[in-house]
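Here are a few short exercises to help you find your way around a new model. Take a look at it first, then work through them one by one.

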Amino acid sequence: MRLKNKDLLGLEYLSKEEIELILKTAVPFKELFTRSIKKVPTLRGKTVVLLFYEPSTRTRISFELAAKRLSADTVNISASGSSVEKGESLIDTGKTLEAMKADFVVIRHSMSGASHVLARNINPSVINAGDGSHEHPTQGLLDIFTINEKKGTVKGLKVVIIGDIAHSRVARSNIWGLTKLGAEVVVCGPSTLIPRDIEKTGAKVCYNLDFALKNADVVNVLRIQLERQKTKRLPSLREYNLLFGMTKEKLKLAKPDVIIMHPGPMNRGIEITSNVADGAQSVIDEQVTNGIAVRMAVLYLLAGGKSSPES
Ligand code: CP
């Protein structure tokens, strides 16, 4: 089996089988990390361009490491210091990369749909590394991979996503992916930060954290995106922290073996306390490690791979 499209733009557009294929393909790539030489020649001669119009630590470095571990060449472009500053359009930038024979363009952009625009206009595979508040598909995939690894399955689990759902591309990708794989997804946060039509995606809504946490197998805490709060939707961060901040005490309301996730970067002391983020139930560091394996799988499959990654 192969991925149907040349691009990865969102988990909304992948079938259950395609998501499962990516997750399965990531397993042998993760095993590679235990070896002294963490590299395979699979994408030798291919070029991966990392086109980041917004800041990133985890996603950009993770894609770069993923590409390098597959022996691809990588090029980094950020908006500052490139011709984007002179007013070059996204499509013209994409066409320039195509003319330079890039095979993949990994794009992060503040505009929802930017990756779609690029994918429609250039031949290289486009991978969405986060577009506005739309989707962040590889974050969704690495979150699901981590849940699978810890719980053995996603099907039938109760996954609670807490926070600013309205601005969260991570939430949207998680909801699409998790519901396709049979999880029960509950979103929880202030009513001002939950979109009215979110239930159309298959997620349930709960405005009370105590109720939401009951019987939770997985709690995914989102970052309060201070940079996207143009219209003041929160009375104060203190009030948010009191009502929706994840603490040791709150966590006791979930199942005893609940796991805690956060996509990063964290606002410690606002949406999560340090003793939860660094506690025994936290899988936050593992999410980061798994991100590389999942992104290797995505690059490998988009390049046309289908069977064993090392064959
Ligand atoms: N999770 C995530 O997208 O982190 P970065 O913004 O650091 O890439």
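A residue counts as near a molecule if one of its heavy atoms lies within 4 Å of it. The model is predicted, so local features need pLDDT of at least 70 and side-chain atom pairs pLDDT 80 or more, while totals for chains, interfaces and linings use all residues. Numbering starts from 1 along each chain as its sequence is written, and side-chain values use heavy atoms, without hydrogens and water.

**Exercise 1.** Find which residues are around the ligand.

*Solution.* Start at Ser56, Thr57, Arg58 and Thr59. Then add Arg108, His136, Gln139, Pro263 and Gly264.

**Exercise 2.** Look for polar side-chain atoms by the ligand's oxygen atoms; a polar contact is a pair of N or O atoms within 3.5 Å.

*Solution.* Begin with serine 56, where a polar side-chain atom lies 2.6 Å from a ligand oxygen. Next, threonine 59 also has one at 2.6 Å from a ligand oxygen. Finally, a side-chain N or O atom of histidine 136 is 2.9 Å from an oxygen of the ligand. As for cover, the protein takes 91% of the 260 Å² of accessible area that the ligand has on its own (Shrake-Rupley method, 1.4 Å probe).

**Exercise 3.** Work out which peptide bond is cis and where lysine 101 lies.

*Solution.* Go to glycine 264 and proline 265: a cis peptide bond joins them, with omega about -10°. Now move to lysine 101, in the loop between α3 (90-99) and β3 (104-109). Lysine 101 isn't a glycine, yet its phi is positive, about 65°. Most residues other than glycine have a negative phi, and most peptide bonds are trans. (Helices are DSSP runs of H or I with at least four residues, strands runs of E with at least two, numbered from the N terminus.)

How values were computed: Polar contact = N/O pair within 3.5 Å; in protein donor to acceptor, adjacent residues only side chain to side chain.
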